[in-house]
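Grab a coffee and try these short exercises on aromatic rings and nonpolar cores. Have a go at each task before reading the solution.

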Amino acid sequence: MTEQGCVSFVSSGPGDPELLTLRALRLLQGCDVVLYDDLASGPVLDQAGPQAERIPVGKRAGRPSAKQETVNALLVEHASAGKHVVRLKSGDSGVFGRLEEELAALRAAAIPYEIVPGVPSAMAAAAVAGLPLTRRLTARRLQFVTGADVTGSLPQDQNWAALADPRATTVVFMGQRTFPGMARSLIENGLPADTPALLAEAVGHPHQRLVRTTVSGLAALLAAEGPSPHPALIFYGPLADSP
C-alpha cells in the first residue's frame with residue numbers, strides 16, 4: 001500500500017531566498033516534488049533539494065499558462081502516489097494566489113496539507129520603497145484589491161466609494177492593464193487626481209523599478225507604455241511623505 005503523501009503550500013515572498021521562513025526553506029530542501037509558479041522560480045527554486053522533481057505550473061497574463069484544473073490534478077496525482085509535494089507560490093499564497101481552488105481539490109481527495117505563510121509582495125514593495133503603509137493621522141486603513149477579474153478586465157463590481165477614500169492606502173494587484181480605466185472611476189468618485197501613487201515593478205529583482213507619481217500621472221504613463229512584462233503593484237493614497 002502506498003504511504004499517504006501530503007502537500008505543503010510554501011509562500012516564497014518577493015523572490016529573495018533570504019526572506020524565506022526557516023520552515024519554508026526546510027520543506028523545500030526535503031520535498032519530493034515542487035510545483036512552482038513563474039514568479040516563484042529563480043533563486044528561491046534553487047533552494048529545493050537535488051532529489052526534488054521541479055514542475056512549472058505558472059500563470060502569466062498574455063502567455064501560455066497551466067490551467068487551474070491541471071495544477072489541481074498534478075497536486076492530487078503526486079500526493080496520492082505518496083510524495084511530499086511543495087506548491088511554491090510567490091508572495092503570500094493566501095493573497096490573490098488562487099489558493100482556494102487548490103485547497104478544495106485536496107480536500108475532495110482527502111489529502112492532508114499545510115499552509116506556510118510568507119512575506120506578501122505588497123509588504124516587500126513597501127519596504128523597498130521606504131513606505132509605511134499605515135499612518136496614525138492620515139492612513140488608518142489599508143486595502144488590497146485586484147485590478148483584474150477572471151477575464152483580465154477591470155472588475156465592474158468594485159466598491160468605488162471605499163477605493164476612492166483619500167484616507168486609505170490602497171494596493172492594486174494585477175492592475176497594470178486596467179489602471180487607466182480604474183483611475184478614471186476613482187477620480188469620478190471623488191479621489192483627487194493628484195493623490196500620490198507608486199508603481200513598484202519587479203521588486204527584489206535586478207530590473208526593479210519604482211515610479212513615484214500621482215494617480216492621474218500613473219494612469220497616463222501606463223496608457224502610454226502599456227503593461228510591463230514584469231510583475232508590478234500599484235500603491236495610491238497618503239504616500240506623500242515617502243522619500
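This predicted model holds four aromatic pairs.

**Exercise 1.** Classify the pair formed by Phe-96 and Phe-173, and work out where the two residues sit.

*Solution.*
- Start with the rings: their centres are 5.0 Å apart and their planes are at 50°. Edge-to-face needs over 60 degrees and stacked needs under 30, so this pair is tilted.
- Next, the chain: Phe-96 lies in the loop between strand 4 and helix 3, while Phe-173 belongs to strand 7, so to speak 77 residues apart.
- Now check accessibility. Phe-96 comes out at 38%, so it counts as partly exposed; Phe-173, at 7%, is buried.

**Exercise 2.** Do the same for Phe-179 and Tyr-236.

*Solution.*
- Here the centres are 6.5 Å apart and the planes sit at 45°, so this pair is tilted.
- Phe-179 is in helix 6 and Tyr-236 in strand 10, with their positions 57 residues apart in the numbering.
- Both Phe-179 and Tyr-236 are buried.

**Exercise 3.** Which residues touch the most other members of the largest nonpolar core?

*Solution.*
- This core has 21 residues, and the ones to pick are Phe-179, Met-182, Leu-186 and Tyr-236.
- Helix 5, helix 6, strand 8, helix 7 and strand 10 each give two or more residues to this core.
- Zoom in on Phe-179: leaving out residues up to four places away in sequence, its contacts include Val-215, Leu-218, Ile-234 and Tyr-236.
- Don't forget the second, separate core: it has 16 residues, among them Val-10 and Ala-40.

Notes:
Residues are numbered from 1 along each chain as its sequence is written. This is a predicted model: local features need pLDDT of at least 70, side-chain atom pairs count only at pLDDT 80 or more; totals for chains, interfaces and linings use all residues. Side-chain values use heavy atoms; hydrogens and water are left out. Rings of Phe, Tyr and Trp (its six-membered ring) pair if their centres lie within 6.5 Å; planes under 30 degrees apart count as stacked, over 60 as edge-to-face and the rest as tilted. Helices (H or I, at least four residues) and strands (E, at least two) are DSSP runs, numbered from the N terminus. Buried means under 20% relative accessible area, exposed over 50%, partly exposed in between (1.4 Å probe, protein chains only). A nonpolar core is a set of buried Ala, Val, Leu, Ile, Met, Phe, Trp, Tyr and Cys residues joined through side-chain atoms within 4.5 Å. Contact means heavy atoms within 4.5 Å.
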